[in-house]
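Work through the following exercises with the sequence and the structure side by side, and try each task before reading its solution.

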Amino acid sequence: MIEDFPVREKEPVVLKRVKLKPAACGRATSGFVPGYLGRCRGKVEPELQRLRNRGREGSGQRVRIALRPYQDEVFKDRSSGILILHWSRQIGKSFTLAAWAVDRLLSRPGRLVTVLSNSRENGAEFVAKCAEVCHLNGTEYESVDKSQGVRFQNMRMEVRIRAQGKTGRIKVLAANPRTARGFSGDLILDEFAFHEDSAAIWEAAEPILASNPDFLCRMASTGNGKHNLFYRMVAGGSTGVPPVTFGVPPKESDSAACNEPPGSPLPLFASVKSSLPDVFSSSESMVNPQPDSYYPTTVSGTKAEDSQKETKETKLDSSLTSFASVKDSDPGMFFSSEGFCVSRITRTQAYGMGVKIYDSNTREAITPEQARAQALDKKAYDQNYECAFADENLTLLSHELISAAERNDVGFICEQDWNTSVLAMMREAKGNLYVGFDVGRKVDLSVITVMEDLNGLKVVRGILRIQNMRLPEQQERLGEICRLPKFRRAAIDMTGLGLGLFEYAEEQFGYYRILGVNFSATVPVTRAVAMEGRKRETVRVTEAMAMELLQAYEDRRIQHPADARLRDDLRKPEKITTPGGRVSIAATRDEAGHADHFWSFALALEAGASAPTPFAIQVIPRRERGCLF
């Protein structure tokens, strides 16, 4: 119905009642708008935008949705430069980060939030979470998929939100060092423990984050073994990476900031039911809050209505901040020994805050203790749900396999140069000699492994460790082995600086005796990989070589000297299976190297597997003319 309302005696203006129905609102809302809707759209749209975003905090718009206590604590932290979420599975990591990302776009119009995801499926799920947050918050958004094809490496999805005349973007990309160098803004590393080459990703991203104190970083993941950067940052498992600190220092008034000295735990969040507002009284409302119960839903012009609106917004602010006022006795926020602020929430802690757990078969509600009792693999359960870090179940070579291959009298280990006695022993070798050369310079070791083939048994006769040596001098060490009478072939790491060394050796000793291996290349599926049921036609060359070396250890076809440093290096590689089904071999990098002995062994095995088969030449004497032969 249209009604006329005189506003002033001078220059009377006709106000007409119109119905405004934002896409995210469940019902139409009424408001007085000057003039006709078609003629005054410029005045209507600001009110619509204010209504859709449901309230303001200071001068900027914010996300106002119901979160659980541990989620709310992380969501409200806007001062920590780096905050790491080491949370159990299925307790809302992605939803919390999606809400945080949307809030950054609303409070900082035009901001770019880059999300590096470990799989295409997880990336699409994060976009869906952002859309869900916008729907609950009444925020207009646009979702765009700019991916080229279906390959994970080409994934490029965006969520766009327009605020205060500027368009902010949440950009979801494939996790790799190349994409980590291309952003300028906030960064979210989703399932960071499952990122391939996580150390290189962090190396590429950290300088950009350090360039602006307002660029924040949020990481979230469950555990994935101990040999990855996520474990080192969360648990301080190694001192190889120095702590990184940047961004705005935590404020004492910010309840979510890690502002205690390193090593001291911060209290968790809130005990749940005693302080929750009415809108969070049920577990259903925690997941699907009803906006109309606590958001202002009218656009009005009277002082009484404005006062009522402010009262509702004030109650909302007090509801959202009440979580931080009540503390729990269990520690949840703390500093790792590497200096990073960490939020750790186990399934047991989340269960105490209202997260339900159901039996997989009966679908009845159970406790965390009952869930763990039903788990077939207790170590996997503890890593996925109780924030433990598995060790033995992810390491490629176990202590048992390495111990079975160790011998005290099969070969020698040299430092910087070959010993004359070692060269004399290899000169008298009975079987063919194959060489693996993992090339390094300053950070990583160069390791040359000489392996003798005795009817299928691979015996390591010599290992040469080279530290901080020029490549021409390393070439001389390789040449001493290539001139041995039983030398057949050498496989050289040609991924980086080893390319020049490979080309020189190939020219000097022949292309059929020198093999170059690019660690970033792919090869057809090998027999060892196919035995695991893999359906892909190609795999990374590192995975293929690592699985062949593992097969040699399991078949007891390899023997090598016993050495503590060698054992530690062989234990570094891990087999990592991403949620998308992609398998990779990752190895941690520390002051002792980057599994250089392991890859040298794998290269030597590859040299023997790809060596040309022996052949003989028979000279046939020339016969008389006219005879066929």
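**Exercise 1: An aromatic pair**

In this predicted model, Phe 389 has a relative accessibility of 16% and therefore counts as buried, since the cut-off for buried is under 20%.

Task: Determine how the rings of Tyr 231 and Phe 389 are arranged, and which parts of the chain the pair ties together.

Solution. Begin with the partner of Phe 389: Tyr 231 has a relative accessible area of 15%, so this residue is buried. Next, consider the count of aromatic pairs, which comes to 7 when ring centres must lie within 6.5 Å. For Tyr 231 and Phe 389 the ring centres are 4.8 Å apart and the planes stand at 75°, and because planes over 60 degrees apart count as edge-to-face, the pair belongs to that class. Then locate the two residues: Tyr 231 sits in helix H7 (residues 229–235), whereas Phe 389 sits in the loop between H12 and helix H13 (399–405), so the pair links parts that are 158 residues apart in sequence. Finally, Phe 230 joins Tyr 231 and Phe 389 in one aromatic cluster.

**Exercise 2: Helix H12**

Task: Find which residues of helix H12 are buried, and classify the ring pair formed by Tyr 381 and Tyr 385.

Solution. Helix H12 covers residues 378–385, and its buried residues are Tyr 381, Asp 382, Gln 383 and Tyr 385. As a check on one of them, Tyr 381 has a relative accessibility of 6%, so Tyr 381 counts as buried. The cover over the buried residues of H12 includes H10 and H11. Turning to the rings, Tyr 381 and Tyr 385 both belong to helix H12 and are 4 residues apart, which is about one turn of the helix. Their ring centres are 4.9 Å apart with the planes at 40°, so the pair is tilted. After H12 comes Cys 387, which has a positive phi near 60°.

**Exercise 3: Two helices in contact**

Task: Describe how helix H18 packs against helix H20, and sort the contact residues by class.

Solution. Two packed helices are described by the angle between their axes and by the distance between those axes. Helix H18 (residues 541–554) and helix H20 (residues 596–609) pack at about 85°, and their axes are 9 Å apart. Because angles of 65 to 115 degrees count as roughly perpendicular, H18 is roughly perpendicular to H20. The contact involves residues from both helices, including Met 545, Leu 549 and Tyr 553 of H18, and Phe 598, Trp 599 and Leu 605 of H20. Sorted by class, the contact of H18 with H20 holds 11 nonpolar, 1 polar and 2 charged residues.

**Exercise 4: Positive phi outside glycine**

Task: Locate Gln 164 and Arg 363 in the chain, and decide whether Arg 363 is buried or exposed.

Solution. Gln 164 is not a glycine, yet its phi is positive, near 55°, and this residue lies in the loop between strand S8 (156–163) and strand S9 (166–174). Arg 363 is likewise not a glycine and has a positive phi of about 65°; its place is the loop between helix H10 (347–352) and helix H11 (368–374). The relative accessible area of Arg 363 is 53%, and since exposed requires over 50%, Arg 363 is exposed.

**Exercise 5: Two strand residues and two cysteines**

Task: Describe the surroundings of Thr 114, state what separates Tyr 434 from Arg 488, and give the number of disulfides.

Solution. Thr 114 is part of strand S6 (residues 112–117), and its relative accessibility of 0% means that it counts as buried. Leaving aside residues up to four places away in sequence, Thr 114 touches Lys 171, Leu 173, Phe 183, Asp 186, Leu 187 and Ile 188. Tyr 434 belongs to strand S17 (residues 432–438) and is buried, with a relative accessible area of 9%. Although Tyr 434 and Arg 488 are 54 residues apart along the chain, their C-alpha atoms are separated by 6.0 Å. As for the cysteines, Cys 414 is buried at 6% relative accessibility, and Cys 482 is buried with a relative accessible area of 3%. The structure holds 0 disulfides.

Key:
Residues are numbered from 1 along each chain as its sequence is written. This is a predicted model: local features need pLDDT of at least 70, side-chain atom pairs count only at pLDDT 80 or more; totals for chains, interfaces and linings use all residues. Side-chain values use heavy atoms; hydrogens and water are left out. Buried means under 20% relative accessible area, exposed over 50%, partly exposed in between (1.4 Å probe, protein chains only). Axes are lines fitted to C-alpha atoms, for helices over the stretch in contact, and angles run from 0 to 180 degrees between N-to-C directions. Angles under 35 degrees count as roughly parallel, over 145 as roughly antiparallel, 65 to 115 as roughly perpendicular and the rest as oblique. Contact means heavy atoms within 4.5 Å. Ala, Val, Leu, Ile, Met, Phe, Trp, Tyr, Cys and Pro count as nonpolar, Asp, Glu, Lys and Arg as charged, and the others, Gly among them, as polar. A disulfide is a pair of cysteine sulfur atoms within 2.5 Å. Rings of Phe, Tyr and Trp (its six-membered ring) pair if their centres lie within 6.5 Å; planes under 30 degrees apart count as stacked, over 60 as edge-to-face and the rest as tilted.
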